[in-house]
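Here are my notes from going through this one, as promised. Have it open while you read, since I hop around a bit.

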Amino acid sequence: MIYLDNNSTTPCDPRVVEAMLPYFYEKPGNAASRSHPFGWVAEEAVDYAREQVARLIQADPKEIIFTSGATESDNLAIKGVYEMYRRKGNHIITVKTEHKAVLDTCDHLEKQGAEITYLPVGYDGRVDPEVLEAAIRPTTILVAVMWANNETGVLQPMKEIGEICARHGVLFFSDATQAVGKIPVHPRDIGVHIMSFTAHKMYGPKGVGALYVSRKNPRVKVTAQMDGGGHERSMRSGTLNVPGIVGFGKAAELALAEMDQDAERLSQLRDHLERELTALEETVVNGNRDYRMPHVTNISFKHVEGEGLMMTFNQNVAVSSGSACTSASLEPSYVLVSMGLGDDLAHSSLRLSLGRFTTREEIDEAIRLIGNGVNHMRELSPIWEMYKEGVDLSSVEWSEH
Ligand SMILES: *Cc1c(COP(=O)(O)O)cnc(C)c1O
């Protein structure tokens, strides 16, 4: 089985698992227990992990709030800013291609009186900074733009947006889940004030994430969404997931040490995969290829239905299709539709995301299996036959029955 779905989740690196193991049985302490060595050992482990995570993004350890993952971090950031800065304004700017954890949180706030602007993206998946700047109002309190898109790997013009936010005195939040640990992500340099990320997308365990919250220039505060024992500087109460946090720290250390070589190797493999698959007729790569994560490609195979195509090889290769995101339903990906792809192209897309453990042999095998699948599907397809006969498919009037 070949795993090319690393944007959904990555395997946990065995070195991460090894670092976590003592914290399940031998070192069971609660990091908030101040009265005995079990607690001290756990607290020390969490402090060390906080330094490892902070170092990866060039932050101060005090700027790291541990959470249960990026979904929680997104909720804490957006709802927390809205509640904390509500008297300054109620307007939030975000983008149509954000992750659901951001979009659904904004929808939730809209029902409570927030005004939300959902910016469009170009055909290449990027936001136009000028359009963003023009959307800023006196009541704007937050701009929320993801660092890299989960479906296409497209990178947003973060530096330009950071400068705009600084000029207008607006807080800048980024869901950087897909970027952290894989490319250099330094929020302070970019002017990002609040940032979400998660361990399980960077070879750490599931169920642990972080929110970066700037402590100086500006000093940002978010209203807690989880009240209780006052953990994490009272921004996120709840007993810390010590083994998970230790694993997150180790994953961050490994990412810092190995990111460059991983990115170099994976971009070569990705380019090889992309070159071979787009050598098939009637294929397109979705999203900007110059501003993109090194390990991802999103390809549409025209006149082939992505879900069906996936069925031809999903016993051997795991990928994700442009219709799969809301799983049971076969709605085309809202990310691709927002980029201006028609339903047909969105429906015929596959997202292939490589990872640290992907090998050259696996990529060669995936090329063979996916290529065979595309050819097989097209042989069966009356639409492909019409296309080959030169029928202009856009002129065909399809009967409703
Ligand atoms: C995976 C992902 C999330 C959700 O992260 P969890 O830790 O699983 O909650 C949020 N945003 C983006 C961009 C993601 O890729």
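1. Where does Pro218 lie? Pro218 sits in the loop that runs between strand S8 (209-213) and helix H8 (242-277). Do keep in mind as you read on that this is a predicted model.

2. While you're in that loop, have a look at the peptide bond from Asn217 to Pro218: it is cis, with omega near 0°. Asn217 belongs to the loop between S8 and H8 too. Asn217 also has a positive phi, about 45°, although it is not a glycine. I'd mention the cis bond and the positive phi of Asn217 together in the text.

3. On to the ligand. There are 13 residues around it, and the closest are Thr71, Asp175, Gln178, Thr198 and Lys201. By class, that shell breaks down into eight polar, three charged and two nonpolar residues. Helix H3 (residues 70-85) is the element that gives the most to the shell, with three residues.

4. Now the polar contacts. Gln178 has a polar side-chain atom 2.7 Å from an oxygen atom of the ligand. For Thr198, a polar side-chain atom again lies 2.7 Å from a ligand oxygen. Lys201 has an N or O atom in its side chain at 2.7 Å from an oxygen atom of the ligand. As for cover, the ligand on its own has 380 Å² of accessible area, and the protein covers 86% of that.

5. Zooming out to the whole chain: the domain assignment gives domain 1 (13-255) and domain 2 (258-391). Taken over C-alpha atoms, the centres of domain 1 and domain 2 are 30 Å apart. Their contact takes 33 residues from domain 1 and 27 residues from domain 2.

6. How much area do domain 1 and domain 2 bury between them? About 2,600 Å², with 57% of it on carbon and sulfur atoms. On the domain 1 side, look at Tyr123, Glu151 and Tyr203: these supply 28% of the area that domain 1 buries against domain 2, more than any other three residues. If you make a figure of the domain contact, I'd label Tyr123, Glu151 and Tyr203 in it.

Notes: Residues are numbered from 1 along each chain as its sequence is written. This is a predicted model: local features need pLDDT of at least 70, side-chain atom pairs count only at pLDDT 80 or more; totals for chains, interfaces and linings use all residues. Side-chain values use heavy atoms; hydrogens and water are left out. A residue is near a molecule or strand if one of its heavy atoms lies within 4 Å of it. A polar contact is a pair of N or O atoms within 3.5 Å; within protein, one must be able to donate a hydrogen and the other to accept it, and residues adjacent in sequence count only if both atoms are side-chain atoms. Accessible areas come from the Shrake-Rupley method with a 1.4 Å probe; for residues, only the protein chains shown count as cover. Helices (H or I, at least four residues) and strands (E, at least two) are DSSP runs, numbered from the N terminus. Ala, Val, Leu, Ile, Met, Phe, Trp, Tyr, Cys and Pro count as nonpolar, Asp, Glu, Lys and Arg as charged, and the others, Gly among them, as polar. Domain bounds come from an automatic or database domain assignment. Contact means heavy atoms within 4.5 Å. Buried area is the accessible area (1.4 Å probe) that two parts lose on being put together, summed over both.
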